[in-house]
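Welcome, and thanks for taking a look at this one with us. Here is a short briefing to read alongside the coordinates.

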Amino acid sequence: TVVTTMPMWLALWTRWGGERVPLTSWIGLGLGVVGALLLAMEGDFSATWVGALLAFAAPLCWSLGSYASRRMALPPPAMASAAQWLLGGLLGLVVAWLWEPGARAVDWQQVSPASVLAWLYLVVMGTMVTLNAYLWLLKNTSAALAGSYSFVNPVVALCVGVWLGGERLTGWVFVA
């Protein structure tokens, strides 16, 4: 639910930066947040204060980076996303090496084919396709429209859960 604050932040930075944000965008952002709150009513969420702080900081930082990328001259989206993948991967390896002793050795026999396929799907669809689409949207549409992905992701996740996981949409989840 906290991630859905990202398009609101992005719209605010855009407005404070001098661009007009139409009323219809604000209405759409508000409806998206209401839908996310309805989804959250189904869950039992708890977090430490540090976890909650980081959960709120993540979309704030993402929105600042997104706003800055709209204003800066950047390489084409594929090149920009490749740089993000490389840097993110390297930082992830360093963090895993320093803080996760078990991450130093992988027992490849424990990795199922389904896990490999899920990982490949996330790399291709969850990163290569969607990040490039997002970077293109940031340059070619309104900030509110580009940021609206955070309202679409839960719908996609729910549909995949129903389709692949046999989950049922009930209660507030169905309403959302």
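## A tyrosine to start from

Tyr 134 counts as buried, because its relative accessibility is 7%. This residue belongs to helix α5, and the model around it is a predicted one. From here, the briefing moves to the fold as a whole, then to the nonpolar cores, two more buried residues and the salt bridges.

**Around Tyr 134**

- Leaving out residues up to four places away in sequence, Tyr 134 touches Met 6, Leu 10, Trp 62, Ser 66, Ala 146, Gly 147 and Tyr 149.
- Ser 81 is 53 residues from Tyr 134 along the chain, and their C-alpha atoms are separated by 9.9 Å.
- Tyr 134 is also one of the residues of the largest nonpolar core.

**The fold as a whole**

- The protein chain is built with eight helices and zero strands, so in the DSSP-based numbering the elements read α-α-α-α-α-α-α-α from the N terminus on.
- If you are setting up a box, the C-alpha trace spans about 55 × 45 × 35 Å along its principal axes.
- Of the 176 residues in the protein chain, 20% are buried.
- The accessible surface comes to about 12300 Å², and carbon and sulfur atoms account for 74% of that area.
- Take the contacts between residues at least 6 apart in sequence: 81% of them join residues at least 24 apart.
- The chain carries 7 positive and 6 negative charges, and the mean positions of the two sets lie 20 Å apart.

**The nonpolar cores**

- Which residues make up the largest nonpolar core? There are eleven in all: Met 6, Leu 10, Trp 13, Tyr 67, Ala 80, Leu 131, Tyr 134, Leu 135, Leu 138, Ala 143 and Ala 146.
- Two or more residues of this core come from each of α1 (6-16), α5 (113-140) and α6 (143-147).
- Helix α5 gives the most to this core, with four residues.
- A second, separate core has five residues, among them Ala 11, Val 21, Leu 29 and Phe 151.
- Ala 80, a member of the largest core, touches Pro 75 and Leu 135 when residues up to four places away in sequence are not counted.

**Leu 131, another core residue in α5**

- Leu 131 is found in helix α5, and it counts as buried because its relative accessibility is 13%.
- Beyond its neighbours up to four places away in sequence, Leu 131 touches Trp 62, Ser 81, Gln 84 and Trp 85.
- Trp 62 therefore turns up in the contact lists of both Leu 131 and Tyr 134, as judged by heavy atoms within 4.5 Å.
- Leu 131 and Ala 82 are 49 residues apart in sequence, while their C-alpha atoms are 9.7 Å apart in space.

**Thr 14, a buried residue in α1**

- Is Thr 14, in helix α1, buried or exposed? Thr 14 is buried, with a relative accessible area of 2%.
- Leaving aside neighbours within four places in sequence, Thr 14 is in contact with Glu 19, Val 21, Tyr 67, Arg 70 and Ala 143.
- Among these contacts, Glu 19 and Arg 70 lead on to the next topic, as the two side chains meet in a salt bridge.

**The salt bridges**

- How many salt bridges does a search of the whole structure find? The search finds two.
- Side chains of opposite charge can pair when their charged atoms come close.
- In one bridge, the side chains of Glu 19 and Arg 70 meet at 2.9 Å, N to O.
- Glu 19 lies in the loop between α1 and α2 (23-40) and Arg 70 in helix α3 (residues 49-71), so this pair ties together parts that are 51 residues apart in sequence.
- The side chains of Arg 71 and Glu 19 also meet in a salt bridge, at 3.5 Å, N to O.
- Arg 71 lies in helix α3 and Glu 19 in the loop between α1 and α2, so this pair ties together parts that are 52 residues apart in sequence.
- Glu 19, Arg 70 and Arg 71 are thus linked in a network of salt bridges.
- What is the relative accessible area of Arg 70? Arg 70 has 18% and is buried, whereas Arg 71, with 49%, is partly exposed.
- Glu 19 counts as partly exposed, at 25% relative accessibility.

Key. Residues are numbered from 1 along each chain as its sequence is written. This is a predicted model: local features need pLDDT of at least 70, side-chain atom pairs count only at pLDDT 80 or more; totals for chains, interfaces and linings use all residues. Side-chain values use heavy atoms; hydrogens and water are left out. Buried means under 20% relative accessible area, exposed over 50%, partly exposed in between (1.4 Å probe, protein chains only). Accessible areas come from the Shrake-Rupley method with a 1.4 Å probe; for residues, only the protein chains shown count as cover. Lys and Arg count as positive and Asp and Glu as negative; His and the chain ends are not counted. The place of a charge is taken as NZ of Lys, CZ of Arg, CG of Asp or CD of Glu. A nonpolar core is a set of buried Ala, Val, Leu, Ile, Met, Phe, Trp, Tyr and Cys residues joined through side-chain atoms within 4.5 Å. A salt bridge is a side-chain nitrogen of Lys or Arg within 4 Å of a carboxyl oxygen of Asp or Glu.
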